[in-house]
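Work through the exercises below with the structure open. Try each task before reading its solution.

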Amino acid sequence: MIWSKADGCPFGTVPIKRITKEDLVRRSNIPPSEDVTYDIELPSLAIVQIQKNPNNKFAGAGMSTSLYNPHVEGQQHSACRLKIQKGSDIIQVGWRVDPTLYRDNKTRLFVHFQAGLFSSFRKKNTNINIANQKDLANGNWLLLARKDYKQIGFWPQKIFTSLASFADNVEWGGVTYSPLGVPKPPMGSSFFPIGSTDYDAYCRRLIILNDKGETFDVDKTIPYVDDHNLYRVSDYPYLVVDPHMSTSPHFTTLL
């Protein structure tokens with residue numbers, strides 16, 4: 001394609017990065033999704049989630065999250081994300097430090113989706129608001145960000161199977177990964193939470209949308225931590241009236 005440094009892409013076109021051999025090598029070193037079980041070390045979680053129920057019908061979810069830059073090395077990664085799921089279909093958005101994926105140790109806004117067996121990362125680049133919302137008119141899943149929850153992208157309904165309808169599971173919180181035999185990296189602020197957002201990493205203003213696209217209060221979450229010696233998660237009441245995404249009474253602090 002023709003590229004003009006002065007004017008950007010020609011009208012109606014977008015830049016496409018060439019895939020290099022290095023990209024393919026890095027891709028092969030990316031660990032599998034949290035929900036895929038192989039004979040390797042699995043990610044560690046410190047999250048809160050909605051009570052699982054196959055009858056749940058969620059048309060979206062959102063959060064406001066603090067940004068941190070935990071120290072990771074090699075193939076380690078550390079992230080904080082919002083995750084919506086049904087079956088093997090998953091959409092995750094949040095921030096992530098991942099030298100394998102990004103070739104540096106910077107904190108980046110990331111987007112990850114898994115449609116059946118197909119999985120893909122995208123990267124974008126203190127506090128951010130992010131949400132996923134289903135467009136009830138056409139079935140697409142929208143990516144919303146910024147204080148005004150502006151749409152910045154979408155996933156077409158046709159790429160999903162289970163999420164072609166509604167999500168039945170929502171999670172907020174942290175995830176880390178290290179290869180076998182390598183100590184786990186820090187999560188969030190790198191310290192155990194003390195109950196203050198001045199110091200703790202957090203997800204707050206948790207919201208969920210029902211199958212009519214209406215927001216409702218997250219009045220009960222279930223904490224889950226798979227290694228209490230390394231990570232903690234705490235859920236505290238926190239009432240905020242958000243003019244864009246309605247009222248939410250919870251925030252989550254995490255390591």
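**Exercise 1. Determine in which sense strand 4 and strand 5 pair, and over how many bridges.**

Solution. Start with strand 4, residues 89-97. Set strand 5, residues 108-115, beside it. This is a predicted model. In it, the two strands pair in the antiparallel sense, over 7 bridges. Now pick out one position: G94 stands opposite F110 in strand 5.

**Exercise 2. Decide whether the faces of strand 5 are covered or open.**

Solution. Take one side first. R108, F110, H112 and Q114 lie there, and all are buried. Turn to the other side. L109, V111, F113 and A115 are all buried too. Both faces are therefore covered. The count is 8 of 8 residues buried, so strand 5 is largely enclosed by the rest of the structure.

**Exercise 3. Classify R108 as buried or exposed, and find its side-chain partner.**

Solution. Place R108 in strand 5. Its relative accessibility is 14%. The cut-off for buried is under 20%. R108 therefore counts as buried. Next, follow the side chain: R108 makes a polar contact with the side chain of D104, at 2.2 Å. Finally, check the backbone. The C-alpha atoms of R108 and R96 are 5.4 Å apart, although 12 residues separate the two along the chain.

**Exercise 4. Find where pLDDT stays under 50, and set that against the chain average.**

Solution. Begin with the whole chain. The average pLDDT is 81, and 75% of the residues score at least 70. Then look at residues 239-253, where pLDDT stays under 50. For this stretch the model has 65 contacts beyond four places in sequence.

How values were computed:
Residues numbered from 1 in each chain as written. Predicted model: local features only at pLDDT ≥ 70, side-chain atom pairs only at ≥ 80, totals over all residues. Heavy atoms only, no water. Helix = DSSP H or I, 4+ residues; strand = E, 2+ residues; numbered from the N terminus. Buried < 20%, exposed > 50% of the residue type's maximum accessible area, 1.4 Å probe, protein only. Polar contact = N/O pair within 3.5 Å; in protein donor to acceptor, adjacent residues only side chain to side chain. pLDDT = per-residue confidence, 0-100. Contact = heavy atoms within 4.5 Å. Pairing = 2+ DSSP bridges.
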